[in-house]
Amino acid sequence: MSQHIFPLRIPTPFAVGDVFCYLIVDDKIVLVDCGYYAEESLERLKAHLGEQGLQLGDLDEIWLTHGHPDHFGQAALLADRSGAVIYGHPKERSNFAGNDDRDLFRDYFQSQDVPEELVQQMLDQLEWLQQYQQPIEPEWVREGDLLESGRISVEVKKVPGHAPGHLLFDTREGVMFGGDLLLDNISTNALINFDPDTRQRNKSLLQYRASLRWIAEREGQVLPGHGEIIHHIREVAEHHLQEQEKRYAHIHQLLAKQPMSLMELARRLFAPSIEQGAVFLALSEVLGYLDWGREEETIGWNQRKRTYCKA
Ligand SMILES: [Zn+2]
Ligand SMILES: [Zn+2]
């Protein structure tokens with residue numbers, strides 16, 4: 001890792017655990033992701049900056065990989081205190097604005113016969129997350145754009161799947177800021193999400209697999225949003241791809257026995273997680289494979305019964 005880059009570890013109240021942001025101390029002072037919005041998160045960040053002889057007011061830019069609260073939640077506050085310019089991808093617009101897709105989620109889950117109390121539980125969880133983020137409207141960057149801090153410049157690469165406008169920042173010197181694209185020993189989910197322009201649901205697992213196949217071919221190291229720095233990029237990416245292929249095959253086996261609804265499949269695979277409140281994660285996971293099977297025409301959909309079957 002470059003001598004100008006410092007990992008900053010910030011604990012979070014979320015199941016994923018600590019988040020890693022990265023401080024670039026160069027001609028400009030840049031943060032890659034910045035932690036969630038809460039007093040303890042801000043205090044931790046101030047302490048980390050202090051270790052480098054810096055203060056909040058020294059921040060020049062904030063580069064955001066994606067619009068989940070652990071990665072961007074306190075960006076507005078930091079920009080307010082420092083005048084820092086925030087950059088992110090326009091497909092994260094809805095996440096950055098505080099998720100105004102709630103009606104889309106409700107309509108979609110109702111169309112899949114998800115029980116009303118579970119739909120409400122998911123919407124309540126989305127609402128709960130809002131306390132950990134403040135809305136922002138960043139400067140938009142797109143695939144191929146360059147951001148620079150002085151000696152370091154990064155190329156912006158769009159790697160959707162986990163989030164619709166998820167970015168990776170590539171120094172092209174073997175170091176990539178990967179956000180939640182590639183994590184080691186932590187499962188990262190292709191979450192259900194909608195394109196903010198078309199309002200259509202993205203086939204997020206298919207997008208995510210394309211992003212994983214892209215990163216698998218890259219040399220160097222990934223500085224991730226959670227967990228250890230990844231040196232064996234191909235190995236980790238291929239492990240995730242293979243695990244997905246196993247689950248894909250398993251879902252085909254289940255559907256070969258009997259057609260099932262989205263919810264029935266989710267219960268079949270993830271009953272304990274659903275019991276503990278992780279229904280959105282469970283549905284996201286299952287739906288990804290159903291999208292994949294429908295794309296390959298190995299899984300069919302019965303609109304009248306709202307069930308999926310092996311084609
Ligand atoms: Zn995330
Ligand atoms: Zn994350």
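## A tour from strand S2 to the zinc pair and helix H9

Begin by selecting Cys21, which is found in strand S2 (residues 19–25); bear in mind throughout that this is a predicted model. Cys21 has a relative accessible area of 0% and is therefore buried, the cut-off being under 20%. To see what surrounds Cys21, display its contacts beyond the neighbours within four places in sequence, namely Phe6, Pro7, Leu8, Ile10, Val32, Asp33, Cys34 and Gly35. If you then add Arg213 to the selection, a C-alpha to C-alpha distance drawn from Cys21 should read 24 Å, for a pair that lies 192 residues apart in sequence.

Next, select the zinc ion (ligand 2) together with its donors, which are Asp70 (OD), His71 (NE2), Asp180 (OD) and His226 (NE2), at 2.1 to 2.8 Å. The angles among these 4 donor atoms run from 83 to 152°, and the site is irregular. Along the sequence, the donor residues follow the spacing D-H-x108-D-x45-H. Distant parts of the chain are linked here, since His71 belongs to helix H2 (residues 69–72) whereas His226 sits in the loop between strand S11 (221–224) and H8, 155 residues apart. Both of these histidines, His71 and His226, are buried. Now bring the zinc ion (ligand 1) into view: it lies 3.4 Å from the zinc ion (ligand 2), and Asp180 coordinates both.

From the metals, move to Asn189, in the loop between strand S10 (175–179) and helix H7 (204–216). With a relative accessible area of 16%, Asn189 falls under the 20% cut-off and so counts as buried. Showing its contacts, without residues up to four places away in sequence, brings up His162, Leu281 and Glu285.

The last stop is helix H9 (residues 262–275), whose end C-alpha atoms are only 16 Å apart, although a straight helix of 14 residues would span 20 Å at 1.5 Å a residue. Where along H9 should one look for a bend? Centre the view on Leu269, at which H9 bends by about 85°, and note that a proline, Pro272, follows within four residues. Then colour Leu262, Met263, Leu265, Ala266, Phe270 and Ile274, which are buried residues of H9. The elements against which the buried residues of H9 pack are helix H6 (116–129), helix H8 (233–257), helix H10 (279–295) and strand S13 (307–310). Finish just after H9, at Gly277, where the backbone takes a positive phi of about 100°.

Notes. Residues numbered from 1 in each chain as written. Chains lettered and ligands numbered in written order. Predicted model: local features only at pLDDT ≥ 70, side-chain atom pairs only at ≥ 80, totals over all residues. Heavy atoms only, no water. Helix = DSSP H or I, 4+ residues; strand = E, 2+ residues; numbered from the N terminus. Expected span 1.5 Å × (residues − 1). Bend = angle between axes of the 7 residues up to and from the residue. Buried < 20%, exposed > 50% of the residue type's maximum accessible area, 1.4 Å probe, protein only. Contact = heavy atoms within 4.5 Å. Donors = N, O, S within 2.8 Å, 3.2 Å for Na, K, Ca; no water. Tetrahedral: all angles 85-135°; square planar, octahedral: opposite > 155°, others 65-115°.
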